[in-house]
Amino acid sequence: MVTPKLSNRLGNDLATQALEAAGVHPLLARLWAARGVNQSSETLLIWSALIPPGKLTHIQLAATILADAITARKRLLIIADYDCDGATACAVGIRALRSMNAVVDFLVPNRFETGYGLSPAVVELALKHHAGKPDILITVDNGIASVDGVEAATAAGIDVVITDHHLPGDTLPQALAIVNPNQPGCGFPSKNLAGVGVIFYLMLALRAELRERGVYPPDGGPRLDMLADLVALGTVADVVKLDANNRLLVTQGLQKMRNGRMQPGIRALFAVAGREPRQASGFDLGFALGPRINAAGRLADMSIGINCLITDDEAHALDLARQLDAMNQERRGIETTMREEALAAIEASSPIIGATVCVYNPDWHQGVVGLVASRLKETYWRPTLAFARSDTGELRGSGRSIPDVHLRDVLDLVSKRYPGIILKFGGHAMAAGLTLREDAYDVFINGFDAAVIELSGRTSFDPVIETDGSLESGYANADVAGLLQQQVWGAGFPAPIFRDTFHVRQQRLLKEKHLKLNLERGHQRFDAIWFNHSDMLPEFADVAYRLDQNVWNGVISAQLIIEYACEAGSR
């Protein structure tokens with residue numbers, strides 16, 4: 001295990017004062033300013049503050065194509081992705097297009113058979129689709145790298161509209177239209193939309209086009225804001241940066257959930273996860289609902305997840321949600337076994353690790369390697385790749401990285417240094433996937449390690465816990481904890497972690513693995529818990545913690561969730 005360093009996040013006094021002057025709670029003003037919010041307009045989380053769709057390249061062209069297709073009763077087929085972002089994006093597209101009288105169905109590639117994205121093999125499946133040969137394919141959360149797939153579709157007489165958010169390669173597909181904020185030349189101010197956000201924007205543009213044509217009155221047509229719960233779930237689950245525009249989308253979705261207005265599938269997922277939608281938070285989306293949707297794509301067929309999100313039948317939604325919950329339980333068991341095997345293999349190797357961690361077992365489950373990589377990354381704080389063997393004998397790998405290393409750039413450098421060993425790859429700075437020749441594994445792991453060292457200039461890395469400094473004693477209470485829980489925190493906009501020195505009055509172990517404490521600061525006492533930590537603390541400790549609410553027998557009190565602690569004055 002690695003020992004983190006504590007670092008205080010830099011504040012911004014001018015921005016804090018401006019936000020306070022605009023009526024923002026003083027603590028929120030300080031926290032938001034430290035996360036780059038400079039003016040009150042960035043805190044307007046209402047629909048009127050949404051960046052207009054027209055700033056997305058090709059969005060008007062794509063809207064025109066779809067409006068014409070609806071008029072002509074053409075068959076549309078959404079090509080989805082097998083993760084939560086792809087599933088929610090597909091659900092947004094299906095629900096919105098059907099509400100606008102489109103003839104539309106979906107096809108989601110199988111992770112183990114055709115792999116990711118619109119490939120020629122997926123086009124073959126589209127030609128045999130039970131709804132009939134499609135006239136237009138609409139990709140969601142994929143397609144920007146599908147040069148061969150678009151070519152195959154065109155050759156088969158099928159047009160393609162791409163909606164995606166992934167980084168493009170050197171060559172763009174020859175689609176009718178490409179809507180992607182990250183394509184070259186796109187002037188959309190937020191480059192952080194998830195795939196579900198991109199298709200939501202296209203649906204807004206399509207409704208606007210139908211209004212222009214007189215199909216709907218100027219303010220008429222379907223209520224697309226009712227899809228905000230799906231947009232919020234996909235955005236949080238895909239761990240995209242929560243800039244102001246994404247925070248707006250997530251906030252609107254959470255408000256829908258808290259008010260009881262959500263798709264039957266979302267309500268069913270809350271039920272099987274044992275969570276309460278009236279207190280819905282980003283944590284629920286990222287750690288309770290998202291993993292259950294993802295389990296379908298990891299272990300079986302993501303169409304189960306998509307059907308859960310598009311059905312209007314409450315009973316059917318609950319049945320599908322229960323299936324997803326069972327898959328998630330199975331996924332947890334598989335992941336635990338694989339992680340233990342990976343840790344044992346790493347500990348047995350010499351040297352244990354270099355600048356990176358790579359693990360491979362031919363018997364591992366392809367759909368779970370990314371989760372194993374994520375766990376190992378947290379354990380060793382290194383860019384990490386985990387591989388399994390596919391049915392065709394290739395290695396399928398999934399990776400997770402740390403803030404110091406852009407994972408996709410590293411894979412790109414390795415592919416150029418060692419042509420032919422990586423058969424395909426793609427992803428982001430923090431997560432990526434690849435297919436590798438099995439006989440090239442040893443060459444790859446050495447090349448990967450060298451590329452990380454070259455691009456980062458470092459051979460080892462230390463995690464840093466950024467804190468927001470001391471929590472003012474007047475705000476260390478349950479009401480403020482509730483205020484913080486109501487906000488949207490996540491990737492690029494981290495939840496606040498405070499840092500203070502406490503007198504440890506009591507401490508004991510819960511279930512032999514969680515440290516339960518009573519801490520004192522000044523005249524205030526707090527219950528605190530450090531999950532998965534069993535070592536006792538000294539009498540005085542420097543503690544990094546989150547302020548949380550604890551509800552017991554109807555009484556709400558403040559509780560501290562410890563992220564890290566050490567002897568006072570030692571760090």
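**Internal cavities and helix packing**

Two cavities of 30 Å³ or more are present in the structure, which is a predicted model. The largest cavity encloses about 80 Å³ of space. Its lining is formed by Trp-32, Val-37, Glu-42, Thr-43, Leu-45, Arg-247, Gln-487, Val-488 and Phe-493. By class, this lining of the largest cavity comprises five nonpolar, two polar and two charged residues; Glu-42 and Arg-247 are among the lining residues and count as charged.

The second largest cavity holds about 30 Å³ of space. The residues that line the second largest cavity are Tyr-82, Pro-109, Asn-110, Arg-111, Gly-297, Ala-300, Asp-301 and Met-302. Four of these lining residues are nonpolar, two are polar and two are charged.

Two helix pairs were examined for their packing. In one pair, helix α8, spanning residues 228–237, packs against helix α9, spanning residues 244–258, at an angle of about 125 degrees. The axes of α8 and α9 lie 7 Å apart. The two helices, α8 and α9, are therefore oblique to each other, and their crossing is left-handed. On the α8 side, the contact is made by Ala-228, Asp-229, Val-231, Ala-232, Thr-235 and Val-236. Helix α9 contributes Asn-246, Leu-249, Val-250, Gln-252, Gly-253, Leu-254, Lys-256 and Met-257. Divided by class, the contact of α8 with α9 contains eight nonpolar, four polar and two charged residues. Arg-247, which lines the largest cavity, falls within the residue range 244–258 of α9.

In the other pair, helix α15 (residues 407–417) and helix α16 (residues 441–456) pack at an angle of about 125 degrees, and their axes are 9 Å apart. Helix α15 is therefore oblique to α16. The crossing of α15 and α16 is right-handed. From α15, the residues in contact are Leu-407, Asp-409, Val-410, Leu-411, Leu-413, Val-414 and Arg-417. From α16, the contact involves Phe-444, Gly-447, Phe-448, Ala-451, Val-452, Glu-454 and Leu-455. The contact of α15 with α16 has 10 nonpolar residues, together with one polar and three charged residues.

Considered together, the pairs α8 with α9 and α15 with α16 each pack at an angle of about 125 degrees. The crossing of α8 and α9 is left-handed, whereas that of α15 and α16 is right-handed.

Conventions
Residues numbered from 1 in each chain as written. Predicted model: local features only at pLDDT ≥ 70, side-chain atom pairs only at ≥ 80, totals over all residues. Heavy atoms only, no water. Axes fitted to C-alpha atoms, helices over the stretch in contact; angles between N-to-C directions. Helix = DSSP H or I, 4+ residues; strand = E, 2+ residues; numbered from the N terminus. Parallel < 35°, antiparallel > 145°, perpendicular 65-115°, else oblique. Left-handed = near helix turned anticlockwise from the far one by under 90°. Contact = heavy atoms within 4.5 Å. 1 Å grid on protein atoms, 1.4 Å probe; cavity = no way out; pocket = protein on both sides within 12 Å on 5 of 7 lines; lining within 4 Å. Points joined across faces, edges and corners; volume = space filled by probe spheres on them.
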